[in-house]
Structures are given as structure tokens and as C-alpha cells.
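Me: Got a model here that I'd like to go through. Can you take me around it?

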Amino acid sequence: MYFVYILYSDSIQEFYCGQTNNVQQRLSRHNSGESKSIRHGIPWKLIGYLNFDSRVLAMRKEKEIKKRGIKRWLEHNEIYLIRPG
């Protein structure tokens with residue numbers, strides 16, 4: 001199972017979208033500063049995620065979301081996100 005996840009940073013007021021096979025582990029890595037490209041937004045909050053059967057499908061959806069713009073994509077599709085429990 002693969003996931004496309006969306007994060008939000010209150011400190012920089014920006015969204016981030018990525019794909020992984022372990023959402024919680026990936027969020028921990030982002031918030032530990034391991035991801036150099038987005039470390040300036042720590043702490044990141046998980047807004048939600050989508051499930052996919054393959055990495056290929058997850059990568060396609062990630063690309064679609066980023067191309068549309070994460071904020072714009074959320075305006076019309078946020079209801080489809082699985083929220084963290």
C-alpha cells in the first residue's frame with residue numbers, strides 16, 4: 001500500500017505533498033529535519049492522505065496535485081482525504 005500525503009506548516013503557512021509507503025515514519029523524518037528541502041517549515045502537521053495499491057498510482061496522483069497546486073487541489077478534493085486518527 002502506498003500513500004499520497006499532504007502536510008501543512010503553520011510557521012511558513014505552506015502545504016507540502018509527497019508519497020510514501022509509511023506516512024507516520026515519513027512525517028517523523030520531515031519533522032526531524034532529515035528532509036533538507038522542507039526543514040524550514042518544521043513542525044509539519046499531517047492534513048490527510050490518500051491510499052493507492054501501487055507506487056506508480058501514488059506518484060501519478062502526487063504529480064497531479066502538485067501540478068494543480070496543493071491549496072487549489074484541496075479546495076475541491078479535501079473531502080477525499082483520510083484524516084489522521
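**Helix α3 and the sheet**

Reply: Start with α3: its buried residues are Ile70, Trp73, Leu74 and Asn77. Buried means under 20% relative accessible area, exposed over 50%, and partly exposed in between (1.4 Å probe, protein chains only). Helices (H or I, at least four residues) and strands (E, at least two) are DSSP runs, numbered from the N terminus.

Me: How do the buried residues of α3 fall, seen down its axis?

Reply: They fall within an arc of 100°, so they line one face of the helix. The arc is that of the directions from the helix axis to the C-beta atoms. An α-helix has 3.6 residues a turn, so residues three or four places apart point the same way.

Me: Which exposed residues sit on the face turned away from the buried side of α3?

Reply: Lys71, Glu75 and His76.

Me: And what covers the buried residues of α3?

Reply: The cover includes β1, β2, β3 and α2. Contact here means heavy atoms within 4.5 Å.

Me: Before we go on, predicted or not, and what are the ground rules?

Reply: This is a predicted model: local features need pLDDT of at least 70, side-chain atom pairs count only at pLDDT 80 or more, and totals for chains, interfaces and linings use all residues. Residues are numbered from 1 along each chain as its sequence is written, and side-chain values use heavy atoms, with hydrogens and water left out.

Me: OK, the sheet. What's the strand order?

Reply: β2-β1-β3, in an open sheet of three strands with antiparallel pairing. Two strands pair if DSSP finds at least two bridges between them. The edge strands, β2 (14-20) and β3 (44-52), each pair on one side only. From one strand to the next, the twist averages 20°.

Me: How many bridges join β1 to β3?

Reply: Eight, with β1 covering residues 2-9 and the two strands running antiparallel. Tyrosine 5, for one, has tyrosine 49 in β3 as its bridge partner.

Me: Which strands does α2 touch?

Reply: Helix α2 (residues 55-68) packs on the sheet and touches β1, β2 and β3. Its direction makes about 165° with that of β2. Helix α3 (residues 70-77) also packs on the sheet, and its direction makes about 80° with that of β2. Axes are lines fitted to C-alpha atoms, for helices over the stretch in contact, and angles run from 0 to 180 degrees between N-to-C directions.

Me: Switching to backbone oddities. Where's the cis peptide bond?

Reply: Between isoleucine 42 and proline 43, with omega about 5°. Proline 43 is in the loop between α1 (23-31) and β3.

Me: What about phi at glutamine 13?

Reply: Positive, about 50°, although glutamine 13 is not a glycine. It is found in the loop between β1 and β2.

Me: Is glutamine 13 buried or exposed?

Reply: Exposed, with a relative accessible area of 62%.
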